[in-house]
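Ready for some practice in reading a protein structure? Keep the picture open, try each exercise yourself, and then compare with the worked solution.

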Amino acid sequence: MTVDAVRGVTPGYQWEDSDAEIAAAYGLDPASIVRFDTNTSPRVPPGLDALIATESARLPLNEYPDATYAALTGAIAELMRVPVDRIVVGAGADEVLDIVAKTCLPPGGLAVMPSPAYAMYRVLTLQRAARLAEVPRGPGDAGFPLDLDAIVRESSTADMLWLCDPDNPTATVQPPGVLEDLLRRLSDLPGGGPVVVIDEAYREFAGETLAGEVGRFPRLVVVRTASKAYGLAGMRVGWGVGDEPLVRRLSAVRPPGSISSLSAEVAARVLSQPGFAAANVDALIHERERLRAALCARGWTVPSSATNFVLLACGTSEAADAAAQRLLRAGLVPRTFRRGRLHSYLRLTVRTPEQDDRLIAALGDRA
Ligand SMILES: Cc1ncc(COP(=O)(O)O)c(C=O)c1O
């Protein structure tokens, strides 16, 4: 696994094909393509166009952004109820994850992650020329349980542990108290255990943030994003919460000015009015359950979800391929997993009722 990294050809993140590529392959109008593969929000906050127009007229776009990102950090501090010096911002959660890896994972070091996991954890680990220990989750029909004992065991010599809750791609969430117990066990390891990332990109959809725990666990970084519940994926805004000394180390690695001043100001305003995110989450959870019920009624297996996406359990990789083809022919793009544990699943983002109806019709009855 590290051979590629040593040669300097680390595999990048693999997206599904672009709208233009899919339109060309299936003879479709690019404008008719709907992305069910990105786990983004189907809607933007109300008044976003006007806000962008006002901010682009007001901001001196010939100048660099405020290096401290004071407005954005202040809005995040209020939202998360943590002091500003516990926050590091980035161009999306992905940049925050990258900053943590650059800070905490030396070449030849060891990162641990459950498997399956969000694909970027592997990419970032290999980019650091570090080693990766994967701890398999239990079977999908048992809800992909984490093997907590094995995670603690593998973490005993690790520099970093990647965790995601609620989890992409399994759509599961840990019961209350489980992650706190795990953090306690990890911090009791000789040397204080690895730096633990808890990626909460989907937190608004289920459970409680662990951001309040960073004072007790100085090696914990909680990572959040404006890309999901807040509907701002194109703005590229994310943040991490950690204890002050760790945040100072992360901030020293953060590229200056990677978030545009427009993105920072717009995100600050949107994060200051969390009403939209709350309403968006309610609507998406309601729509998720309608989508699951409609697919189950047609014979498909759709496990419960704690996120804004669902897994379609197709049984075999051939059946998953056939279902993906049905969707792609209709211009609907699922997330596929051709290799690895999820090869017999598709991942489908919950979108608008109209778009989801297209998906339900295109999938039809399970053969
Ligand atoms: C678990 C997880 N973390 C991070 C990200 C990236 O978020 P951002 O758009 O803020 O970079 C995603 C996006 O799909 C994700 O699923």
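**Exercise 1.** In this predicted model, find which residues come nearest to the ligand, and describe the shell by class.

*Solution.*
- Step 1: The ligand has 13 residues around it, and those that come nearest are Ala93, Asp199, Tyr202, Thr225 and Ser227.
- Step 2: Sorted by class, this shell holds 5 nonpolar, 4 polar and 4 charged residues.

**Exercise 2.** Look for polar contacts between side chains and the ligand, taking pairs of N or O atoms within 3.5 Å.

*Solution.*
- Step 1: Begin with the ligand's nitrogen: one such atom is 2.6 Å from an N or O atom in the Asp199 side chain.
- Step 2: Turn to oxygen. Tyr202 places a polar side-chain atom 2.6 Å from a ligand oxygen, and the side chain of Lys228 has an N or O atom 2.7 Å from an oxygen atom of the ligand.
- Step 3: Now consider cover. On its own the ligand has 400 Å² of accessible area, and the protein covers 93% of it.

**Exercise 3.** Trace the sheet: what is the order of its strands, and which strands are at the edge?

*Solution.*
- Step 1: The open sheet has 7 strands, ordered β2-β8-β7-β6-β5-β3-β4, with mixed pairing.
- Step 2: β2 (87-90) and β4 (131-136) are the edge strands, each pairing on one side only.
- Step 3: From one strand to the next, the twist averages 20°.
- Step 4: Zoom in on β3 (residues 110-115), which pairs with β4 in the parallel sense over 6 bridges. Here Val112 stands opposite Ala133 of β4.

Notes: Residues numbered from 1 in each chain as written. Predicted model: local features only at pLDDT ≥ 70, side-chain atom pairs only at ≥ 80, totals over all residues. Heavy atoms only, no water. Near = heavy atom within 4 Å. Polar contact = N/O pair within 3.5 Å; in protein donor to acceptor, adjacent residues only side chain to side chain. Areas by Shrake-Rupley, 256 points an atom, 1.4 Å probe, with all protein chains shown as cover. Nonpolar A, V, L, I, M, F, W, Y, C, P; charged D, E, K, R; others polar. Pairing = 2+ DSSP bridges. Helix = DSSP H or I, 4+ residues; strand = E, 2+ residues; numbered from the N terminus. Axes fitted to C-alpha atoms, helices over the stretch in contact; angles between N-to-C directions.
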